[in-house]
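Welcome! Please take a moment with the sequence and the 3D view below before reading on.

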Amino acid sequence: MQIGMKARRDIFQAVADPTRRAILVLLREQPRTVGAIADRFAVTRQAVSLHAQVLEECGAISIEKHGRERLCRLNAATLAEVSEWLRPFAELWSDRFDQLDDFLANEE
């Protein structure tokens, strides 16, 4: 990395926090201002703003300034990295449930 360049935050660190995951779920429905997001949580607007900053730094959301408001939009493409990483685990559990279904069917 070159000196002076800011490292991009890791998406996995970002989604490790339950508040940030909840923010992503809200943004899946529609873009929202930081204030509108903060209204949904029992934390300060400043805390939500910091969570939004982390999500922006990892590319999970974009934040656009409109006057005094900051509008947050989901960038679902960035979350594909998480989905790809989880895919083998989902397949593993699917296979195990299929084996359990087969076992239970043969027990009857």
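Where do E84 and R87 lie, and how many residues apart are they? Both are in helix α5, which covers residues 76-107, and they sit 3 residues apart, about one turn of the helix. Keep in mind that this is a predicted model. The protein has 5 helices and 3 strands, and E84 and R87 form one of its 3 salt bridges.

**Overall layout**

- Starting at the N terminus, the order of elements is α-α-β-α-α-β-β-α.
- The C-alpha trace spans about 65 × 40 × 20 Å along the principal axes of the protein.
- The radius of gyration of the protein is 19 Å, whereas a compact globule of 108 residues would have one near 13 Å.
- Of the 108 residues in the protein, 27% are buried.
- The accessible surface amounts to about 7,800 Å², and carbon and sulfur atoms hold 53% of this area.
- Among contacts with a separation of 6 or more, 50% join residues 24 or more positions apart.

**Confidence in the model**

- The mean pLDDT of the protein is 87, with 92% of residues reaching 70 or more.
- Residues 1-5 have a pLDDT below 50, and this stretch makes 2 contacts in the model beyond near neighbours in sequence.

**The salt bridges**

- In the α5 pair, the closest N and O atoms of E84 and R87 are 2.5 Å apart.
- E84 is partly exposed at 48% relative accessible area, and R87 is also partly exposed, at 39%.
- E29 is paired with R32 in a salt bridge whose closest N and O atoms are 2.5 Å apart.
- Which partner here is buried and which is exposed? E29 is exposed, with a relative accessible area of 52%, while R32 is buried, with 11%.
- E64 and R73 form a salt bridge too, and their closest N and O atoms are 3.1 Å apart.
- E64 has a relative accessible area of 29% and is partly exposed; R73 is partly exposed as well, at 33%.

**Helix α4 as a whole**

- Helix α4 takes in residues 45-57.
- At 1.5 Å a residue, its 13 residues should span 18 Å, and the C-alpha atoms at its ends are indeed 18 Å apart, so the expected and modelled values agree.
- The buried residues of α4 are V48, H51, A52, V54, L55 and E57.
- What do these buried residues pack against? Their partners are the helices α1 (11-15), α2 (18-29) and α3 (34-38), together with the strands β2 (61-66) and β3 (69-74).
- Just after α4 comes G59, which takes a positive phi of about 90 degrees.

**Three residues of α4 to look at**

- S49 belongs to helix α4 and is partly exposed, at 22% relative accessibility.
- Which residues does S49 touch, apart from its neighbours within four places in sequence? S49 is in contact with V34 and R70.
- S49 and D39 are 10 residues apart along the chain, and their C-alpha atoms are separated by 12 Å.
- H51 is also found in helix α4, where H51 is buried, with a relative accessible area of 16%.
- Beyond its neighbours within four places in sequence, H51 is in contact with D17, T19, R20 and I23.
- E57 has its place in α4 too.
- Why does E57 count as buried? Its relative accessibility is 19%, and buried means under 20%, so E57 falls within that class.
- The C-alpha atoms of E57 and Q46 are separated by 16 Å, and these two residues are 11 residues apart along the chain.

**To take away**

- The structure holds 3 salt bridges, and one of them joins E84 and R87, which lie about one turn apart in helix α5.
- The buried residues of α4, including H51 and E57, pack against elements that include α2 and β3.

Key:
Residues are numbered from 1 along each chain as its sequence is written. This is a predicted model: local features need pLDDT of at least 70, side-chain atom pairs count only at pLDDT 80 or more; totals for chains, interfaces and linings use all residues. Side-chain values use heavy atoms; hydrogens and water are left out. A salt bridge is a side-chain nitrogen of Lys or Arg within 4 Å of a carboxyl oxygen of Asp or Glu. Buried means under 20% relative accessible area, exposed over 50%, partly exposed in between (1.4 Å probe, protein chains only). Helices (H or I, at least four residues) and strands (E, at least two) are DSSP runs, numbered from the N terminus. Contact means heavy atoms within 4.5 Å. The expected span of a helix is 1.5 Å times one less than its number of residues. The radius of gyration is taken over C-alpha atoms; the globule rule is 2.2 Å times the number of residues to the power 0.38. Accessible areas come from the Shrake-Rupley method with a 1.4 Å probe; for residues, only the protein chains shown count as cover. pLDDT is the predictor's confidence in each residue, from 0 to 100.
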